[in-house]
Every structure is written in C-alpha cells, then in structure tokens.
Amino acid sequence: MNPPQCGEVAESMRQRVMDLRRAATVLAWLLLALIAYWTLSPIGMRPHIGTWAHVERFGAYALLGFLFATAFPRRIPLVLAMVFGVAVSFELLQMLSADRHARVEDLAVKMSGAACGVGASWFAARHWRRLRGWQSNQNSNHRR
C-alpha cells in the first residue's frame with residue numbers, strides 16, 4: 001500500500017473542513033429555530049435547565065455564534081451582526097406576548113454570549129494548526 005501523496009492529504013483535509021462547515025451550518029440553523037421557538041413561545045413551554053436563566057441564555061447564544069462563525073469563517077463581522085440582530089429582534093418580539101418581557105439585562109447576556117462564541121470560533125480557526133502541533137508534541141518521546 002502506497003503512502004498518500006501530499007496532494008491527496010491536502011484534498012482529504014479540505015474535504016473534512018467542508019464537511020465540518022456543512023454540519024455547522026445545519027446545526028446553526030436548527031439551533032436558531034430552537035432559540036426562536038423557546039424565546040417566542042409561552043413561558044410554560046420554555047425548557048429550563050435550572051434556576052440560572054442567564055447561563056442558559058449565554059450558552060445558547062455562545063453556541064449559536066460559534067456554529068455560525070464555524071460555518072462562515074470568512075464572514076465574521078457579518079456573522080456577529082446577524083447574531084446580534086437576532087438577539088435584539090427576539091428580545092423585542094417578546095414584547096408582543098402578554099406573558100413575556102423584554103429586558104436590557106437579558107439582551108446584554110445574549111449579546112455577550114454571541115460575542116464569546118464567535119470569538120472562540122475565530123480563535124480556534126486561527127490557531128488550529130498550532131494547537132494540533134502542541135497536542136502531538138505532548139505525546140512524543142523526543143526533546144527539541
């Protein structure tokens with residue numbers, strides 16, 4: 001069996017990156033639909049992890065920002081604007097419901113979560129090769 005050539009390895013890596021981006025795109029749109037449902041549905045239909053609602057909000061928007069930034073890594077400013085716009089829109093749409101309320105505090109938590117998620121994706125994409133190299137060097141038995 002012949003070892004893979006440099007072009008084959010590069011093509012395989014490119015295919016894996018595209019598969020990751022496709023999966024991130026699908027998951028991001030599904031999560032956006034879930035967030036819309038949870039945000040705009042009556043309060044009794046909203047799922048609760050516990051008593052820390054801000055942690056739920058932060059985590060949901062951080063994951064949303066991370067997934068969209070992973071799906072569209074060359075459009076970071078647009079992704080950030082879109083996720084911020086979604087947070088503002090959903091918060092304002094809550095004012096149309098009698099049992100929901102819009103608060104600036106909730107919006108701040110959602111926007112900070114989105115910014116952290118986008119930033120984490122950007123950081124991971126920018127430093128992925130270095131992080132992978134560090135991990136593989138930790139397992140090696142040789143010294144430099």
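These legends accompany close-up views of aromatic pairs and salt bridges in a predicted model.

**View 1. Trp 29 and Phe 68 form an edge-to-face pair.**
The model holds two aromatic pairs. In the pair shown here, the ring centres of Trp 29 and Phe 68 are 5.0 Å apart. Their planes stand at 90°, so the pair counts as edge-to-face. Trp 29 belongs to helix α1 (residues 6-40) and Phe 68 to helix α2 (residues 53-71). The pair therefore ties together parts that are 39 residues apart in sequence. Trp 29 is partly exposed, at 47% relative accessibility. Phe 68 is buried, with a relative accessible area of 2%.

**View 2. Phe 68 and Phe 72 form a stacked pair.**
The centres of these two rings, Phe 68 and Phe 72, lie 6.4 Å apart. Their planes meet at 15°, so the pair is stacked. Phe 72 is partly exposed, with a relative accessible area of 33%. Phe 68 is buried. Through ring pairs, Trp 29, Phe 68 and Phe 72 are linked into a cluster.

**View 3. Arg 22 and Asp 19 form a salt bridge within helix α1.**
Three salt bridges are counted in the model. Here the side chains of Arg 22 and Asp 19 meet at 3.0 Å, N to O. Both residues, Arg 22 and Asp 19, lie in helix α1. They are three residues apart, about one turn of the helix. Asp 19 is partly exposed, with a relative accessible area of 36%.

**View 4. Asp 106 and Arg 57 form a salt bridge between helices α4 and α2.**
The closest N and O atoms of Asp 106 and Arg 57 are 3.3 Å apart. Asp 106 lies in helix α4 (residues 104-138), and Arg 57 lies in helix α2. The pair therefore ties together parts that are 49 residues apart in sequence. Asp 106 and Arg 57 are both buried.

**View 5. Glu 91 and Lys 110 form a salt bridge between helices α3 and α4.**
In this bridge, the closest N and O atoms of Glu 91 and Lys 110 are 2.5 Å apart. Glu 91 sits in helix α3 (residues 76-93) and Lys 110 in helix α4. The two residues, Glu 91 and Lys 110, are 19 residues apart, and the pair links distant parts of the chain. Glu 91 is buried, as is Lys 110.

How values were computed: Residues numbered from 1 in each chain as written. Predicted model: local features only at pLDDT ≥ 70, side-chain atom pairs only at ≥ 80, totals over all residues. Heavy atoms only, no water. Phe/Tyr/Trp six-rings, centres within 6.5 Å; stacked < 30°, edge-to-face > 60°. Helix = DSSP H or I, 4+ residues; strand = E, 2+ residues; numbered from the N terminus. Buried < 20%, exposed > 50% of the residue type's maximum accessible area, 1.4 Å probe, protein only. Salt bridge = Lys/Arg side-chain N within 4 Å of Asp/Glu carboxyl O.
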